[in-house]
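User: I should like to learn how to read the features of a protein model. Could we proceed one feature at a time?

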Amino acid sequence: MKIPYSWLCDFVPLGTLEFEGSSATPSHELIQHLTDSFNDLGLVVEGVEWVGNGLDEVVVAKVLEIHGIEGAEKIRRIVVDAGEAEPLQIVCGAFNFEVGSKVPLAKVGAVLPGDFAINKRKMRGVESFGMLCSTIELGLGQDKSGLMILSDDAKVGSKITDALAIVPDVVFDLAIENNRPDANCVVGVARDLAAWLKLPFVAPTVPAFRTVSPSESVRLTGVEVRCPDQCDRLLVALFDSVNPKPTPRIIIDRLNLAGMRSVSPIVDISNYLMLELGQPTHPYDADELAGGVISVRLADRGETVVTLDGTMRTLGLPDVRGRESTDVVIVDGSDNPVGLAGIMGGEESEIKESTSNLLLELAHFTPMTIARTSKRLGLRSEASARFEKGVDPRILEVALARFSEMLGQLPAEVVQVTKPGANDTWEIDLRVSRVNEILGTAIDSEKVSSLLRPIGFDTEDLKAGVLKVTVPTNRPDVMREIDVIEEVARHYGYRNIDKIRPDSKFVGALKPLQRIRRQLAFLAVGMGFYETWSATLLAPGEQERFGDTGAFLEVENPLAQEESILRRSLLPGLVRALRFNVNRNEDEVRFFEIGKVFSVFEGEINETERLAFLLAYPGDAVTSAMSVFATISDFFSLEKVSILNRYELDSVKRDLLDENALAESWNGLHPTRSAFLVANGCIVAQVGEVDRRALAESGVHHDGRVGYLELDFQRVTSLIPPPDVMTPISQFPVAEVDLAFEVPDSVSARDIEYAIAHEASEHIVSSKLFDVFRGGSVRSGYRSLAFSVRMSALDRTLSDSDISGVRARCIAMVESRFGAKLRG
């Protein structure tokens, strides 16, 4: 939030501080002191801008002639009268002026704000003896429409500082956090600063207004609030035959310095009060309202309103979480929407130059009501930003009084609708001992009270060591004792609080999943991979390019259309990284990434973490990707997994998978050079080669094959066995037998190997495949698998009968479970 120093001085006598300068022309020492004070209060100063300086060589000039320049469409030759003996020739790129306009001219030799020196220049062969200026170039505003147009009575040749009565000022750019709604206005910041500097705070004066209920009103009887849970206070004021004076220069300057532009006298007053008091107000052309009144209600489902920006908004729809709408609209006497409550007014009833009768709306809306509507519509405004954080419900009368004062006219009638309790304050018991315990201080009740009262908190001794603190309504963020302690800390001064070194006996450590994630990253780097990070959001159609046609999640209000789809796989992002490198002649790369993917199954959103490897070295292929998985499996001693091709996944082994596994985002690889790793009824990983056509369509021109492995992080970690319990090594001899089976091609050799080693007998030490054979006497569709089985006992040498029994159990299990047959 940008706040001019001069505006702060309206409420705090900063010029009385013992520094050189005055409230009108502050010294650098004073500004530095104020900057330090803001930072100490938690209102972090992100920038300080001095304005109105460096304008001594800028004068008022009158445009005499405008000529085109041959071969140039964006600049023109301008002849101006700058009060000198001869007119000056200027080359200018602005088009918002005409002959007779009076504009600022920076003469040759001038140095504008930002150390921008003006020199004689030649453009398109035409010499330019100075520069015609906009408000941005003069540091007087943010108007980007072109040159600053001066009033007709500005004296030609006079200094711009004299013509505009410019007084040097300083603008503080403050970072206002969400938990400080009171600091979203000049008055709130001034109150905080005055308390810190021990200066008096001059609150805005409030003349008494007579307000009545709609039933007691003469002309505003139709005003009502039909949704008191969303709008607990409403003031409506009617001004007859308004004839506002032109906006004073000081108001225009302050609006510009605060980042807003002057629009019209009535709109300027409304914007000015929002910045000053934090209360958004909305003026309506009363003659454009049916019945001349307004009311507040919830929007009907599918109801539309055209807002001031010319956009039609559809209201009353549930949000992305399916929650019912709490959109609130302002309606006229015929119940037609004329504004989006707390966010933006409607186009039809906006203030015009011809407006005669004015209806002013001042309301208090619940923060979540405005926040949800603003987020769903993707529409934020200065008003919504304040309502979302919380506005003081008691400030409405002050804002109306200030509006009337600045307009120079009293309202003909004012009605209010207030929900019982809307203006109530609340109380919090504050234990002084708890304050000292949290802050490490030794302050008493009197000191605590002296810190809280200047910022609007009332305190009363409840009992020894306990204060009853009444929280002001402009501080909806203060709801608990710890919140009050934070306010004490801020105004006691964080610099005055001793640092406390934690002496906890507990030492921080990585959680198991964090440790595994880090181990996987170190393992990947050790295998020669570079870690990448890719965007979670993809462009429409980008996933389909890799054969992924599953249901996806689309962001409702994306910042860019090419970043609107939540990824279902890490593959598109890694292919982007590959394309980036290949286009720069770096085509021998290996990447890995750990990230989240998103899928939808039966209306439920699933968010899972994946680990993916992309291999593009010469000779890399599906076997290289599989070797990466083997390395991971060996490192973590993973439990067994089954390897299934796409045909087996869809038909032969379909009954082994849960329903969700078949709907997950495992696509994008070559259909005949890829496989799935399955365990416990779920797909644990996908391994294979990226389809060449998908690579080409993604703009990747790579000569070799590209291997790929993507693992489900949670499922892989579930396969890591618990830490091994050390078992003694047998001192007795090891027996070894070889078993050869005729096994169907659809059966995994690893499944048999695992079953023999872990399930056949407790005496089996290991099982290892040592031969694979096809042809000869082996039937078609089968292959011969030979395993070496080693066995031993801890307490004795196995007898021949023991060995025969173990051998028989191995044969029986393999034949019955896997449809195999022992070869003779």
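User: Which elements do the buried residues of H9 pack against?

Analyst: Some conventions come first: this is a predicted model, in which local features need pLDDT of at least 70, side-chain atom pairs count only at pLDDT 80 or more, and totals for chains, interfaces and linings use all residues. Residues are numbered from 1 along each chain as its sequence is written, and side-chain values use heavy atoms, with hydrogens and water left out. Helices (H or I, at least four residues) and strands (E, at least two) are DSSP runs numbered from the N terminus, and contact means heavy atoms within 4.5 Å. In this structure, the buried residues of H9 pack against helix H7 (265-277), strand E21 (358-365) and helix H8 (367-377).

User: Which residues of helix H9 are buried?

Analyst: Buried means under 20% relative accessible area, exposed over 50%, and partly exposed in between (1.4 Å probe, protein chains only). Helix H9 spans residues 382-389, and its buried residues are Ala383, Ser384, Ala385, Arg386 and Phe387. After H9 comes Gly390, with a positive phi near 115°.

User: With what is Asn184 in contact, leaving aside its neighbours within four places in sequence?

Analyst: One of the residues in that list belongs to the buried set of H9, namely Arg386. The full set of contacts of Asn184 is Met1, Ile176, Met274, Gly278, Arg386 and Lys389. Asn184 itself sits in the loop between strand E12 (169-175) and H5. Its relative accessible area is 9%, so Asn184 is buried.

User: How should the overall form be read, and how many helices and strands are there?

Analyst: The protein has 22 helices and 38 strands. Its radius of gyration is 38 Å, well over the 28 Å that the globule rule gives for 824 residues, so the protein is more spread out than a compact globule. That radius is taken over C-alpha atoms, and the globule rule is 2.2 Å times the number of residues to the power 0.38. Along the principal axes, the C-alpha atoms fill a box of roughly 115 × 85 × 60 Å.

User: What does the domain assignment give?

Analyst: Domain bounds come from an automatic or database domain assignment. Here the assignment gives domain 1 (2-52 + 170-197), domain 2 (58-166), domain 3 (214-418), domain 4 (426-472 + 482-496), domain 5 (512-718) and domain 6 (735-822). The C-alpha centres of domain 2 and domain 6 lie 94 Å apart.

User: What do the totals for burial, contacts and surface show?

Analyst: Buried residues account for 50% of the 824 residues. Of the contacts between residues at least 6 apart in sequence, 70% join residues at least 24 apart. The exposed area is about 40300 Å², of which carbon and sulfur atoms supply 49%; accessible areas come from the Shrake-Rupley method with a 1.4 Å probe, and for residues only the protein chains shown count as cover.

User: How many positive and negative side chains are there?

Analyst: Lys and Arg count as positive and Asp and Glu as negative, while His and the chain ends are not counted. The protein has 87 positive and 120 negative side chains, and the centres of the two sets lie 4 Å apart.

User: Is Ser698 buried or exposed?

Analyst: Ser698 is buried, because its relative accessible area is 6%. Ser698 is placed in the loop between helix H19 (692-697) and strand E34 (707-712). Beyond its neighbours within four places in sequence, Ser698 is in contact with Arg545, Phe546, Val575 and Arg579. Separation along the chain can also be set beside distance in space: Ser698 and Lys198 are 500 residues apart along the chain, with 65 Å between their C-alpha atoms.

User: Where does Lys198 lie, and what is its phi?

Analyst: Lys198 lies in the loop between helix H5 (186-197) and strand E13 (231-239). Phi of Lys198 is near 60°, a positive value in a residue other than glycine. At a relative accessible area of 63%, Lys198 is exposed.

User: What does Val716 touch, not counting residues up to four places away in sequence?

Analyst: Val716 touches Leu638, Val684 and Leu711 on that count. Val716 lies in helix H20 (residues 713-718) and counts as buried because its relative accessibility is 7%. Val716 and Glu639 are 77 residues apart along the chain, yet their C-alpha atoms are separated by 9.2 Å.

Methods. The place of a charge is taken as NZ of Lys, CZ of Arg, CG of Asp or CD of Glu.
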